[in-house]
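Here is a short, friendly tour of one protein model, written for someone who likes to know what sits where. Keep the viewer open as you read.

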Amino acid sequence: MIYPVLLTLHLFAAIVFIGTVFFEVLFLGGIRRQLPDRMMMMLEHAVGQRARRLMPWVLLVLFGAGAGMVRERYMAQLATPWTSPFGTLLGVKILVAISVLGHFVTALWLMRSGRMTAQAVRFIHASVFTHLLLIVVLAKGMFYLSW
């Protein structure tokens, strides 16, 4: 009974996290050319403040539910990940997710230390965006790919 709850929490948190990154990369990136610099800075500041308050909780639910799902159902596949396509793709997905978490922690550290630059923001967003695309492909592939 716990697995469906964990799966639902994991999916909702993934929707919020991926949706936020997609919005920042695809929408805010395109809006930048249409708004005056001052207005864009205000918009980015407001979005950034909201994201900094919300995302730690979203990531806690996302990774906590993911860890719970592994514990409840997927420990055997991860014990020998190279013996099945599902285990291999799940293992790679987890590694990519850990990299996303590393990006998030790095971004927080750069912001708090005053070292965050516009170039670093663009790089981190693009990298996380690419990672998330890969995670979505891996998540679907776990259930449909075989070799």
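A nonpolar core is a set of buried Ala, Val, Leu, Ile, Met, Phe, Trp, Tyr and Cys residues joined through side-chain atoms within 4.5 Å. Please keep in mind throughout that this is a predicted model.

## Overall layout

Let us begin with the whole chain. Its secondary structure comes to four helices and zero strands, and from the N terminus the elements run α-α-α-α. The C-alpha trace spans about 55 × 30 × 25 Å along its principal axes. Of the 147 residues, 35% count as buried. If you look at contacts between residues at least 6 apart in sequence, 75% of them join residues at least 24 apart.

## The nonpolar core

In soluble globular proteins, nonpolar side chains tend to be buried together. Here, the largest nonpolar core has 32 residues, and those with the most contacts inside it are Phe-17, Val-128 and Leu-132. Two or more residues of this core come from each of α1 (2-31), α2 (37-79), α3 (85-112) and α4 (118-144). The largest share, nine residues, comes from α3.

Which residues does Leu-132 contact, leaving aside its neighbours within four places in sequence? They are Phe-17, Ile-18, Val-21 and Val-100. Phe-17 is therefore a good place to click next, as one of the residues with the most contacts inside a core defined by side-chain atoms within 4.5 Å.

## Some individual positions

Ile-124 lies in helix α4. Ile-124 counts as buried because its relative accessibility is 12%, and the cut-off for buried is under 20%. Beyond four places in sequence, Ile-124 is in contact with His-103, Ala-107, Leu-110 and Met-116. With His-103, the C-alpha to C-alpha distance is 6.6 Å, although the two residues are 21 apart in sequence.

Val-47 belongs to helix α2. Setting aside residues within four places in sequence, Val-47 is in contact with Phe-23, Glu-24 and Leu-28. The C-alpha atoms of Val-47 and Val-21 are 11 Å apart in space, and these residues are 26 apart in sequence.

Gly-68 is also found in helix α2, and its relative accessible area of 14% makes Gly-68 buried. From Gly-68 to His-125, 57 residues apart along the chain, the C-alpha atoms are separated by 27 Å.

## A buried lysine

Lys-93 deserves a look of its own. This residue lies in helix α3. Lys-93 is buried yet has no salt bridge. How far away is the nearest side chain of opposite charge to Lys-93? That side chain is Glu-72, and it is 16 Å away. A salt bridge needs a side-chain nitrogen within 4 Å of a carboxyl oxygen, so Glu-72 at 16 Å does not qualify as a partner for Lys-93. Not counting residues up to four places away in sequence, Lys-93 touches His-10, Ile-135, Leu-138, Ala-139 and Met-142.

## Salt bridges

Side chains of opposite charge can pair when their charged atoms come close. The structure holds two salt bridges, set out here.

| Salt bridge | Closest N and O atoms |
|---|---|
| Arg-32 with Glu-44 | 2.0 Å |
| Arg-71 with Glu-72 | 3.6 Å |

The Arg-32 and Glu-44 pair links distant parts of the chain: Arg-32 is in the loop between α1 and α2, while Glu-44 is in helix α2, twelve residues apart. Arg-32 counts as partly exposed because its relative accessibility is 36%. Glu-44 counts as partly exposed too, at 30% relative accessibility.

For the other pair, Arg-71 is exposed, with a relative accessible area of 64%, whereas Glu-72 is partly exposed at 41%.

## The largest pocket

Rolling a probe the size of a water molecule over the atoms shows where empty space is left. In this model, the largest pocket has a volume of about 960 Å³. The pocket is lined by 33 residues, and the closest to its centre are Glu-24, Glu-44, Gly-48, Val-121 and His-125. At least two residues of the lining come from each of α1, α2, α3 and α4. Which helix gives the most to this lining? That is α2, with ten residues.

Glu-44 thus turns up in two places on this tour: in the salt bridge with Arg-32, and among the residues closest to the centre of the largest pocket.

Terms used: Residues are numbered from 1 along each chain as its sequence is written. This is a predicted model: local features need pLDDT of at least 70, side-chain atom pairs count only at pLDDT 80 or more; totals for chains, interfaces and linings use all residues. Side-chain values use heavy atoms; hydrogens and water are left out. Buried means under 20% relative accessible area, exposed over 50%, partly exposed in between (1.4 Å probe, protein chains only). Contact means heavy atoms within 4.5 Å. Lys and Arg count as positive and Asp and Glu as negative; His and the chain ends are not counted. On a 1 Å grid over the protein atoms alone, a cavity is a set of points where a 1.4 Å probe fits but cannot get out, and a pocket is an open set with protein on both sides within 12 Å along at least five of seven lines; lining residues have an atom within 4 Å of a point. Grid points are joined across faces, edges and corners, and a volume is the space filled by probe spheres set on the points.
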